[in-house]
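Hi there,

Here is the structure I promised to pass along. Have a look at it first, and my notes follow underneath.

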Amino acid sequence: MARGRKPGSGKGKNYFDQEVNDAIVEFNSTNDKTRRDIIFYRIIYPALNKLVENIIHKWKFYNYESSYEDLKLDTVTYLFEQLGKYKPETG
C-alpha cells in the first residue's frame, strides 16, 4: 500500500480564502469602529494569527530576547497596519 499525502490534504489550507478577502475589503471600506472590530476579530485576526504562527515555525524566526507570544503579536500588529494597503484587484 502506497503511503503519502491523504487525498485532499492540500485543500482548505489557504489563510486568505474568499471570506477573508471580502472581510478585508469591507474592513477597509467602513468607518464604523464597532463593525471594523467585529470583522477583524471574527474573520481577519484568526487568518493572520495562523499565518504568523506557521511562518515563525517554518522559518524558525525565534527571538530569544522576547517571548514567542510577543514575536507573534508584533508580527500580527505589523500585518494589521498593512491592511489599508490591500488592493482587491491585485490580491
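Let me start with the pocket. One thing to keep in mind throughout is that this is a predicted model. By class, the lining of the largest pocket is made up of seven nonpolar residues, one polar residue and three charged residues. The volume of that pocket comes to about 150 Å³. If you want to select the lining in your viewer, take F27, K33, R36, D37, F40, Y41, Y45, L73, V76, T77 and F80. Two elements, α2 (33-59) and α3 (68-82), each give two or more residues to this lining. Which of them gives the largest share? That is α2, with six residues.

Next, the nonpolar core. The largest one has 14 residues, and the members that touch the most others are I24, F27, I39, F40, I44, L48 and L83. Helices α1 (18-29), α2 and α3 each supply at least two residues of this core, and the largest share, seven residues, comes from α2. I44 is a handy residue to centre your view on: leaving aside neighbours within four places in sequence, I44 is in contact with A23, I24, F27, I39 and L83. F27 and F40 deserve a second look, since both are named among the core members with the most contacts to other members and both also line the largest pocket.

The aromatic side chains come next. There are six aromatic pairs in the structure. In one of them, F40 and Y45 have ring centres 5.9 Å apart and planes at 55 degrees, so this pair counts as tilted; edge-to-face would need an angle over 60 degrees. How exposed or buried are the two partners? F40 has a relative accessibility of 8% and therefore counts as buried, while Y45, at 26%, counts as partly exposed. Y45 also pairs with Y41: their ring centres are 6.3 Å apart and the planes stand at 50 degrees, so that pair is tilted as well. Y41 and Y45 both sit in helix α2, four residues apart, which is about one turn of the helix. Y41 itself counts as exposed because its relative accessibility is 56%. Taken together, ring pairs link F27, F40, Y41, Y45 and F80 into a cluster. Those five residues are also found in the lining of the largest pocket, so I would show the two selections together when you open the file.

Now some individual residues, beginning with helix α3. L79 is found in this helix, and with a relative accessible area of 24% it is partly exposed. Its C-alpha atom is 7.5 Å from that of L48, although the two are 31 residues apart along the chain. Not counting neighbours within four places in sequence, L79 is in contact with L48, L51 and V52.

K72 also lies in helix α3. Is this lysine buried or exposed? At 7% relative accessibility, K72 counts as buried, because the cut-off for buried is under 20%. Beyond residues up to four places away in sequence, K72 touches N49, V52, E53 and I56. V52 is thus a contact of K72 and of L79.

Over in helix α1 you will find N28, which is partly exposed, with a relative accessible area of 31%. N28 and L83 are 55 residues apart in sequence, and their C-alpha atoms are 7.5 Å apart in space. Leaving aside neighbours within four places in sequence, N28 is in contact with R36, L83, G84 and Y86. Of these contacts, R36 is one of the residues lining the largest pocket, and L83 is named in the core.

Finally, a backbone detail. K60 has a positive phi of about 55 degrees although it is not a glycine. Where is K60 placed? K60 is in the loop between α2 and α3. With a relative accessibility of 58%, K60 counts as exposed.

That is what I have for now. Do write back if you would like to go through any of it together.

Best wishes

Note on methods. Residues numbered from 1 in each chain as written. Predicted model: local features only at pLDDT ≥ 70, side-chain atom pairs only at ≥ 80, totals over all residues. Heavy atoms only, no water. 1 Å grid on protein atoms, 1.4 Å probe; cavity = no way out; pocket = protein on both sides within 12 Å on 5 of 7 lines; lining within 4 Å. Points joined across faces, edges and corners; volume = space filled by probe spheres on them. Nonpolar A, V, L, I, M, F, W, Y, C, P; charged D, E, K, R; others polar. Core = buried A, V, L, I, M, F, W, Y, C linked by side-chain atoms within 4.5 Å. Buried < 20%, exposed > 50% of the residue type's maximum accessible area, 1.4 Å probe, protein only. Contact = heavy atoms within 4.5 Å. Phe/Tyr/Trp six-rings, centres within 6.5 Å; stacked < 30°, edge-to-face > 60°.
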